[in-house]
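Take a walk through this model from the inside out. Keep the coordinates open as you read.

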Amino acid sequence: MIKVIAKLTIKEDKIEELKSIIPELVAETRKEDGCLSYQLFQDVKNKKMLSFVEDWVSNEALQRHINSKHFQEAMPKIAELQEKEMELSVCTLVI
């Protein structure tokens, strides 16, 4: 299993715009073969901090997601709303 944690820092005045982009990305991603879980969380203390938490059956499934049309279309839109570059962790299960 592969877990992805993608931390976003969104410009304060762009948070609602981000939330309008995300539902389609999430819905399409959850349909993908190999997607076990795909969720977006917002920090309770810092509303500008949002994190995608994703579970994939394999690195190949993750790569298919990265190459998917819906991901490729959403990422430039999301990038425009960010205050700083995304922090990305791709992890494998240890225990």
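The text below starts with the core, then turns to the surface and the salt bridges.

This is a predicted model. Begin in the interior. The largest nonpolar core has 21 residues. Six elements each supply at least two of these residues: the strands β1 (2-10), β2 (35-42) and β3 (49-56), and the helices α1 (15-30), α2 (59-67) and α3 (69-81). Helix α1 gives the largest share, six residues. In soluble globular proteins, nonpolar side chains tend to be buried together.

Which residues have the most contacts inside this core? They are W56 and I78. Look at W56 in detail. Not counting residues up to four places away in sequence, W56 touches M1, I2 and V4. Its contacts also include T29, E32, G34, C35, L36 and Y38. A61, L62 and H65 complete the list.

Two of those partners, M1 and L36, lead to the surface. M1, L36, V57 and L93 form a nonpolar patch there. Together they have about 400 Å² of accessible area. M1 sits in the segment before β1. Is M1 buried, partly exposed or exposed? At 44% relative accessibility, M1 is partly exposed, because the partly exposed class runs from 20% to 50%.

Now the charged side chains. The model has eight salt bridges. Three of them follow.

The side chains of D33 and R64 form one, at 4.0 Å from N to O. This pair joins distant parts of the chain. D33 lies in the loop between α1 and β2, while R64 lies in helix α2, and the two are 31 residues apart. D33 is exposed because its relative accessibility is 64%, and exposed means over 50%. R64, at 45%, counts as partly exposed.

Another bridge joins K69 and E73, with 3.9 Å between N and O. Where do K69 and E73 lie? Both are in helix α3, four residues apart, which is about one turn of the helix. K69 is exposed, with a relative accessible area of 62%. E73 has 42% and is partly exposed.

K84 and E87 also pair, their closest N and O atoms being 3.8 Å apart. Both ends are partly exposed: K84 has a relative accessible area of 46%, and E87 stands at 40%.

To retrace the route, start at W56 in the core, step across to M1, and follow the patch that M1 shares with L36, V57 and L93. Then pick out the D33 and R64 bridge.

Methods. Residues are numbered from 1 along each chain as its sequence is written. This is a predicted model: local features need pLDDT of at least 70, side-chain atom pairs count only at pLDDT 80 or more; totals for chains, interfaces and linings use all residues. Side-chain values use heavy atoms; hydrogens and water are left out. A nonpolar core is a set of buried Ala, Val, Leu, Ile, Met, Phe, Trp, Tyr and Cys residues joined through side-chain atoms within 4.5 Å. Buried means under 20% relative accessible area, exposed over 50%, partly exposed in between (1.4 Å probe, protein chains only). Contact means heavy atoms within 4.5 Å. Patches are made of residues with over 30% relative accessible area and no salt bridge: like charges are joined within 9 Å, nonpolar side chains (Val, Leu, Ile, Met, Phe, Trp, Tyr) within 5 Å. Accessible areas come from the Shrake-Rupley method with a 1.4 Å probe; for residues, only the protein chains shown count as cover.
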